[in-house]
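Student: I would like a close look at one part of this model and at how that part meets its neighbours. Could you take me through it in a single connected account?

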Amino acid sequence: MGVASATGRGGTGHVSENELFEVLANRRRRYALHALKRDAEGADEQVDLGTLAEQVAAWENEVDLAEVSYDERKRVYTALQQSHLPKMDEAGIVSFNKDRGVVEPTPAMEDVEIYMDVIHGNEIPWSEYYLGLSLVSAALYAAVWLGVYPFTLLPDLSWGVFIVVAFLVSALAHRYYTSEMRLGAGDVPPEMERESS
């Protein structure tokens, strides 16, 4: 996850990791960011607060846009207007004009590469996967170096190629996974995508 420069009312000139993690800690803010990153064409495009609230309410209630009730939309609209969007504006990720009821992404939001490491069921985090792969590779290399049978049946170079290929395949799979889990990519937020699969 990157840290980007900000132009919001926060005025700090950058989005710190702490500010970004605080913004991402709330599901409603993640949904709002996903909708903004997905729907806004650029940093100058404004999104109507009502439209944003309706989309977030649809995701929260797992219904189509047309099925969102007035109360569901109003509840999300009020929370976004009074709490979530001002916090995101203060962090410099969005520019929120409360009087006009519009939100627009800042260049900081476009520069921040945000992806959700959503883990369900028996899945393990990528950091633990790479740690395990490194330990297995080190044990394999040690067995080859010590001449342990059956690792002596193949040349040392073939084991090195095997380790490199294992890391390459893992890195490609990780890259694909993070592109699918990026906020703003896809029709629905990453955590909803994972829950439905």
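Tutor: The crossing of H2 and H3 is right-handed (the near helix is turned clockwise from the far one by less than a right angle). The model is predicted, so local features require pLDDT of at least 70 and side-chain atom pairs pLDDT 80 or more, while totals for chains, interfaces and linings use all residues. Residues are numbered from 1 along each chain as its sequence is written, and side-chain values use heavy atoms, without hydrogens or water.

The axes of H2 (residues 27-39) and H3 come within 10 Å and cross at roughly 125° (lines fitted to C-alpha atoms over the stretch in contact, with angles from 0 to 180 degrees between N-to-C directions). H2 is therefore oblique to H3 (neither under 35, over 145 nor 65 to 115 degrees, the last being roughly perpendicular). Among the residues in contact (heavy atoms within 4.5 Å) are Tyr31, His34 and Arg38 of H2 and Gln55, Trp59 and Glu60 of H3.

H3 (residues 49-61) also meets H4 (residues 70-91): their axes come within 8 Å and cross at roughly 115°. H3 and H4 are therefore roughly perpendicular to each other, and this crossing is right-handed as well. Its contact includes Leu49, Ala53 and Ala57 of H3 with Val76, Tyr77 and Leu80 of H4.

H3 itself is mostly covered, with ten of its 13 residues buried (under 20% relative accessible area, 1.4 Å probe, protein chains only). Among the buried residues are Leu52, Val56 and Trp59.

Definitions and conventions: Helices (H or I, at least four residues) and strands (E, at least two) are DSSP runs, numbered from the N terminus. Buried means under 20% relative accessible area, exposed over 50%, partly exposed in between (1.4 Å probe, protein chains only).
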